[in-house]
Every structure is written in structure tokens, then in C-alpha cells.
Amino acid sequence: FRTGERDIMNTIIQKINARPGQRIIAMSDIHGHLENMQGLLEKLEYDAEDILVIVGDLVDKGPESLRTVRYIMELAANAQIFVSEGNVEEHRLEILCDTTAGSEERFREFIHWQKKHWGRGLLLDMLAELDISATELTLEDTPACRKRMWEHFAPEIAFLRQLPAILEMDDYLFVHGGIPTDDLESLTETDRHAWLKNDCFLEKGYRFSRCVVTGHWPVSLYRHEEADLRPIFEYERRIICMDGGCGLKEVGQLNALVFSDKDAAMEEIRWEYCDSFPVVTALDGQEGKQKTLYIQYFDSRVDRLEEREGMVRCRHLSSDRTLWVPSTFLYLDDDKEWHVDDYSDARLEVKPGDRISVVFRNAAGCYGKINGVLGWYYGRCSE
């Protein structure tokens with residue numbers, strides 16, 4: 001395993017060799033939500049004749065990280081599966097496999113932090129399978145604990161460690177965070193980390209001759225006018241961002257892109273999604289209405305004013321405006337300050353027969369989404 005300073009792994013590029021007419025399905029940021037992944041593949045009628053591309057962040061934040069890795073490994077044994085590394089895999093491998101000075105303390109501190117803040121993740125799943133208590137792990141126990149993990153989970157660790165940073169399919173490049181150029185030869189000697197965790201990639205002004213497909217940054221963070229989890233297609237700049245916030249956002253979903261062929265034009269790519277919310281059918285029509293306020297992650301501090309029937313009236317601190325928010329959208333940070341996860345009070349445009357994923361429901365109506373767009377529906381519905 002790792003010795004010395006953090007090893008600078010050069011950017012590894014893997015080619016996707018697709019046959020003419022072979023369908024390609026691409027997704028990213030599964031984050032341990034195996035049920036969503038399986039549901040999405042079922043929805044798309046995936047089979048071994050397809051190529052499946054997964055653009056990083058397989059694990060953490062969701063309930064089944066270890067099972068997700070094993071499921072993908074099983075698929076890869078019998079079909080064409082191409083997986084690139086995400087920043088989460090990179091970091092968890094570093095925590096698990098680094099043997100430099102202080103690595104045991106860093107491992108223990110991370111395990112305790114993750115147990116407290118997320119309660120789940122790849123390393124926690126591994127400890128649970130070995131019947132090792134994460135909360136009771138001591139510094140003295142850590143060396144033997146990690147050794148057991150290295151031995152017991154050697155196949156999974158080996159699979160994750162060999163993942164490339166970039167996948168290349170003719171005019172399409174798949175990378176978790178984003179790259180500054182589509183001249184891949186210039187990237188081969190670079191440290192892959194910059195391309196795995198390239199925050200806010202879409203807003204950096206890049207333009208490409210080949211289409212760059214990314215995950216990592218939830219698309220809702222790019223949109224300021226409405227709560228919208230649909231993939232973003234920048235046709236002129238040749239960029240697609242597809243992270244639907246699965247596992248990261250209260251309203252998150254797992255998005256997939258569907259290429260009918262390796263040479264499909266960007267305009268021909270369709271998309272689908274899956275989430276874990278119950279679905280209802282709208283019985284009434286409803287006119288849409290733009291939001292009065294959209295609270296996003298980077299400006300999310302609020303004061304709680306009153307609570308009623310699962311809704312909390314909040315004052316958004318930066319705008320000094322008030323709105324009612326489902327209580328499940330509120331959370332406390334480490335400084336005991338209240339925040340609201342991405343939320344908009346917009347009203348959906350609905351036609352009778354539309355299918356709505358219901359995130360929250362009360363006597364007045366339901367907050368949910370139609371094809372990835374979020375808002376309130378106040379009409380009648382059937383289960």
C-alpha cells in the first residue's frame with residue numbers, strides 16, 4: 001500500500017471501444033444508492049449488450065456503499081463496464097491505505113467524523129462487515145483493524161485503485177470533476193486529483209472541441225432561478241453536467257445519459273432518472289408559478305420562526321425574506337446555526353396524468369418534482 005508522501009498518481013486515461021450502433025449509458029455520483037442505480041438500469045432496460053459508463057463517486061453518503069462497489073464489480077465481470085475514479089474514492093483509499101506518519105490517527109479521526117456526520121460510508125460498511133465498532137475504535141486498535149480490512153477487502157480495494165481518471169470515447173470524454181483541455185496528451189503527466197475534484201467546473205469558462213461529460217457538482221448549484229435537477233447540456237461549449245445530487249441533496253436523484261451510438265450528436269442524447277420517492281398521478285391541472293425565493297447551499301442560513309404541521313416558517317438571513325419550508329429540509333451545522341437544503345417555493349406546471357415524485361406532503365399539497373423540476377402541487381392526486 002501507500003508509503004512515503006501522498007503518491008501523485010499520473011492521470012490515467014482509458015479508451016472506450018464501442019461498436020457502431022451499441023448503446024451507451026452513462027451515470028455518475030451514485031453515492032451508495034444501489035437501489036436507485038438498479039432502478040435506473042431497469043428503467044432503461046439495460047443488458048449486457050450495452051456499455052455502462054460510471055463517472056466517479058460510487059460510494060459514501062448513501063446506505064449501501066460496499067454493496068454498490070461489489071455490484072459494479074459483478075457487472076464488470078460479464079459486460080462492458082467503464083468506471084472512472086471520483087474524488088470520494090480517491091480520498092477513502094488514501095485514508096485506508098496510506099502508511100505515512102500519522103496515518104493511523106487520521107484514519108481513526110475520519111472514521112469517528114464520518115460516523116457522527118453521515119453515519120454511513122464505504123469504510124464504515126467495511127468495519128460493520130468485520131464486526132468492528134466504529135465509535136469504539138481506539139488508536140491502539142487501528143493498525144490491526146486496517147490490516148484486517150486490507151486483507152478481507154483486497155478485491156474491492158484493488159478494483160478501486162486501478163480506476164482511471166478519464167474515459168475517452170471518440171468525441172466524448174468522461175471525467176468526474178472536469179478538465180481544462182481536451183488535449184489528453186497534455187494531461188497524462190499531471191496529478192489526477194485536480195480533475196477529480198474540479199469544483200464549479202461549468203462556471204470556469206471552458207470550451208471544447210470534444211464533449212466533456214462530468215459529475216461531481218450537483219446541477220442544482222449551477223441554477224439560480226429554479227430548483228432543477230435535470231442534466232445541463234451546454235451545446236456551444238460542448239459540456240454536459242449530469243450530477244442530480246443523489247445522496248447529497250434532500251431532493252436528489254440519479255441521472256443517466258443515453259447515447260444511441262458512440263457517434264451520437266449531443267442533441268441526440270436523451271436522459272432518464274431514478275429516485276427513492278413515492279410517485280403519484282396528478283388528477284388536476286395547475287398553472288406554474290415562479291418562485292418568490294430559492295434557497296441554495298451556499299446561501300442557506302435561516303432563523304426558525306414557527307412550526308406548524310411539518311412546515312417551518314423561516315427567515316432567510318441574507319435576503320431578510322420569510323417562507324414556509326418542510327421541516328425535513330432544515331439542518332444544524334457544527335456551529336448550531338440553522339440551514340435549509342436547496343428549496344424553492346415555486347408552483348409546478350401540471351397537466352392531469354402527470355407523474356410526480358413526492359418529496360414532502362401535507363394537507364395543503366405535495367412538494368415534488370416532474371422530470372427533475374421541483375415545486376408544489378396543490379391539486380388532487382392518486383397513488
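Start by selecting lysine 61 and tryptophan 118 in this predicted model. The charged end of lysine 61 sits over the ring of tryptophan 118, 5.4 Å from the ring centre. Now pull up arginine 304 with tryptophan 338 for another charge over a ring: here the charged end of the arginine is 4.7 Å from the centre of the tryptophan ring.

Next stop, ring against ring. Searching the whole structure turns up 16 aromatic pairs. One of them joins tyrosine 206 and phenylalanine 208, a tilted pair with centres 6.1 Å apart and 40 degrees between the planes. Switch on a surface and look at how covered these two are. Phenylalanine 208 has 7% relative accessibility, so it falls under the 20% cut-off and counts as buried. Tyrosine 206 comes out at 24%, which makes it partly exposed.

For a bigger group of rings, select Phe329, Tyr343, Phe360, Tyr367, Trp376 and Tyr378; together they form one aromatic cluster.

Last, head to helix H5, residues 122-129. How many of its eight residues are buried? Six are, which leaves the helix mostly covered. Colour them to see which: Leu122, Leu123, Leu124, Asp125, Met126 and Leu127. Then show what surrounds them. The buried residues of H5 pack against helices H2 (65-76), H3 (87-97) and H4 (103-117), and also against H6 (142-152) and H7 (154-161). Finish by stepping past the end of the helix to aspartate 131, which follows H5 and has a positive phi, near 60 degrees.

Conventions:
Residues numbered from 1 in each chain as written. Predicted model: local features only at pLDDT ≥ 70, side-chain atom pairs only at ≥ 80, totals over all residues. Heavy atoms only, no water. Buried < 20%, exposed > 50% of the residue type's maximum accessible area, 1.4 Å probe, protein only. Helix = DSSP H or I, 4+ residues; strand = E, 2+ residues; numbered from the N terminus. Contact = heavy atoms within 4.5 Å. Phe/Tyr/Trp six-rings, centres within 6.5 Å; stacked < 30°, edge-to-face > 60°. Lys NZ or Arg CZ within 6 Å of the ring centre and 35° of its normal.
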